[in-house]
Amino acid sequence: AFLSTVGINYSAAMKVGGTTVKDVDPHQFVKAFSAFLKKSGKLRVPGYVDIVKTGKHKELAPYDQDWFYTRAAAVARHIYLRGGVGVGALRKVYGGRKRRGTRPSPFCLGSASIA
């Protein structure tokens, strides 16, 4: 049932070796897996999720109400593809440049409590 939500037909899934996360479009997989995480109810969402920023380079919290599920799905995919990745590497992936007006815009790491 999960393969059909991601957009893979069952005949393609029955090929030799099966279908892995690498065979699926990343955007579709993260979207479908985040919906699965939300529907299953097994992921406990912290209470501060509606006011927290995703990094010090951001000015506001995310607009999407379900952004925590999307981030969890993207992190799960990233860990699946590159085993042994830690918090520091995920902070680098989800970091960005901090806009400081007329001064130069340096790179800032993402939040470690969310990554």
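**Exercise 1. How many salt bridges does the count come to in this predicted model, and which side chains meet in a salt bridge?**

Step 1. Start with the cut-off: you want a side-chain nitrogen of Lys or Arg within 4 Å of a carboxyl oxygen of Asp or Glu.

Step 2. Now go looking for the partners. The side chains of K38 and D66 meet, N to O, at 2.9 Å.

Step 3. Tally up: the count comes to one salt bridge.

Step 4. Put the pair on the chain. K38 sits in helix α3 and D66 in the loop between α3 and α4, so the bridge ties together parts that are 28 residues apart in sequence.

Step 5. Check how open each partner is. Buried is under 20% relative accessible area, exposed is over 50%, and partly exposed is in between. K38 comes out at 42%, so it counts as partly exposed. D66, at 27%, counts as partly exposed too.

**Exercise 2. Work out how helices α3 and α4 are arranged.**

Step 1. Find the two helices: α3 covers residues 26–40 and α4 covers residues 67–81.

Step 2. Look at their axes, which come within 8 Å and cross at roughly 120°.

Step 3. Name the arrangement. Angles of 65 to 115 degrees would be roughly perpendicular and those over 145 roughly antiparallel; α3 and α4 are therefore oblique to each other.

Step 4. Add the hand: the crossing of α3 and α4 is right-handed.

**Exercise 3. Take the contact of α3 with α4 apart, residue by residue.**

Step 1. List the α3 side: P26, F29, V30, F33, S34, L37 and K38.

Step 2. List what they meet in α4: Y69, T70, A72, A73, A74, A76 and R77.

Step 3. Sort the residues of this contact by type, and you get ten nonpolar, two polar and two charged.

Step 4. Zoom in on S34, which is found in helix α3. Leaving out residues up to four places away in sequence, S34 touches Y69, T70 and A73. Its relative accessible area is 10%, so S34 is buried.

Step 5. Do the same with F29, also a helix α3 residue. At 11% relative accessibility, F29 counts as buried. Its C-alpha atom is separated by 8.5 Å from that of R77, though the two are 48 residues apart along the chain.

**Exercise 4. Is E59 buried or exposed, and where does it lie?**

Step 1. Place it: E59 lies in the loop between α3 and α4.

Step 2. Compare its accessibility with the cut-off of over 50% for exposed. E59 has 71%, so it counts as exposed.

Step 3. Pick a residue further along. The C-alpha atoms of E59 and K98 are separated by 9.3 Å, with their positions 39 residues apart along the chain.

**Exercise 5. Zoom out and describe the whole protein.**

Step 1. Count the elements: five helices and two strands.

Step 2. Read off their order from the N terminus, which is α-α-α-α-α-β-β.

Step 3. Ask about burial. The protein has 115 residues, and 27% of them count as buried.

Step 4. Finish with the contacts. Take those between residues at least 6 apart in sequence; 49% of them join residues at least 24 apart.

Terms used:
Residues numbered from 1 in each chain as written. Predicted model: local features only at pLDDT ≥ 70, side-chain atom pairs only at ≥ 80, totals over all residues. Heavy atoms only, no water. Axes fitted to C-alpha atoms, helices over the stretch in contact; angles between N-to-C directions. Helix = DSSP H or I, 4+ residues; strand = E, 2+ residues; numbered from the N terminus. Parallel < 35°, antiparallel > 145°, perpendicular 65-115°, else oblique. Left-handed = near helix turned anticlockwise from the far one by under 90°. Contact = heavy atoms within 4.5 Å. Nonpolar A, V, L, I, M, F, W, Y, C, P; charged D, E, K, R; others polar. Buried < 20%, exposed > 50% of the residue type's maximum accessible area, 1.4 Å probe, protein only.
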